[in-house]
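Q: Please take a close look at one part of this model, the nonpolar core. Add the surface patch for contrast.

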Amino acid sequence: MQNSILALEERLWSCKMERKLEAKIPIEAASPLGTLESSMDAENVLVKPCSFNQTCTRQKPKWHTFRVLPIAILTVSSCQIGFHLYSTPSFNKLLRFEPNKRLEVWRYFTYMLVHDGWSHLALNVVMQCIFAALLEISQGRLRVLTIYVLGGVTGILGAACLHPDLVVGASAGGYSLLLSNVADLVLNFHTINYRIYRAISISTLIIFDVIYDIVHIYSSREPQVSWQAHFFGGLTGLFLGLVVFKCNKPTKSTRVFFCLGLTLYFIFIASFIVLMAQIEKCGTKGLIRRQFVYLC
């Protein structure tokens, strides 16, 4: 009976030694081979490193990778691609923004689904996904989606007031995401990783896009770029970013930034509403590609 117990212990001991070698654990503290005096405490010490190693090599939950994906902007981009695939010209005409149909409120939202072609759509989808990727991880999907939608709406309001024309595309929302990165940098500059490189990248993108818009406007290429929608969409992202984005280490200036962003955005909206009312009162119906008369 004692021989079988010793044989069983020797077998268990050899298994534990193999585990220790795999885990690269020093064996000096191990109990002598085949001794009955080996306590449960000593054996437990040998088992713990193995269980710790198993815990470390365990696969991460599936939701971990799902959480870091920019799901909100990917969903919006998928809808835009699907709409472009299956939509008809008559349906596009119903959803695009037309200045002589300013009272059809849904057009201020749905024009972002309509694009002039595959190149136009691909450029907007790629850029908005790049701008939103880091923001969704740090600020959350709802905040990013709110800035994207309101940037598109405010951008088209500004374009309708300054240069009435047919407008399609989601670039105003993309520009709001671009400049909302500036708001995120302002609020969380000391806690953001690679903040200098991120600031340089954003500044470079803004400078190159301004140059592109200027060249495109003065070359009179068709279709024309609605720089007004880009401009006001970008400012919306900057101002609303100061309002809706969270600050990891709030300071006294955080509340100042909040009030400043909220005030400037409401000034924007109030001005556009007043101008739109004057346009409706003084403008000529069906007027396109001409400046509206604001006083009458």
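A: The core comes next, then the patch.

This is a predicted model, where local features need pLDDT of at least 70, side-chain atom pairs count only at pLDDT 80 or more, and totals for chains, interfaces and linings use all residues. Residues are numbered from 1 along each chain as its sequence is written, and side-chain values use heavy atoms, with hydrogens and water left out.

The largest nonpolar core has 46 residues. Such a core is a set of buried Ala, Val, Leu, Ile, Met, Phe, Trp, Tyr and Cys residues joined through side-chain atoms within 4.5 Å; buried means under 20% relative accessible area, exposed over 50%, partly exposed in between (1.4 Å probe, protein chains only). F97, Y108, Y111, Y148, I156, L177 and M276 have the most contacts inside it. At least two residues each come from α4 (71-86), α7 (118-139), α8 (141-162), α9 (171-187), α11 (227-244) and α12 (252-282). Helices are DSSP runs (H or I, at least four residues), numbered from the N terminus. The most comes from α8, with nine residues.

Y108 touches F97, R102, G152, V153, I156, L157 and M276 (heavy atoms within 4.5 Å), leaving aside neighbours within four places in sequence.

Now the surface. L162, V210, I214, I217, Y218, W227 and F231 form a nonpolar patch. Its residues have over 30% relative accessible area and no salt bridge, with nonpolar side chains (Val, Leu, Ile, Met, Phe, Trp, Tyr) joined within 5 Å. A salt bridge is a side-chain nitrogen of Lys or Arg within 4 Å of a carboxyl oxygen of Asp or Glu. Four patch residues, the largest share, come from α10. L162 belongs to α8 and is partly exposed, at 33% relative accessible area.

Technical notes:
Patch = residues over 30% accessible without salt bridge, like charges linked within 9 Å, V, L, I, M, F, W, Y side chains within 5 Å. Areas by Shrake-Rupley, 256 points an atom, 1.4 Å probe, with all protein chains shown as cover.
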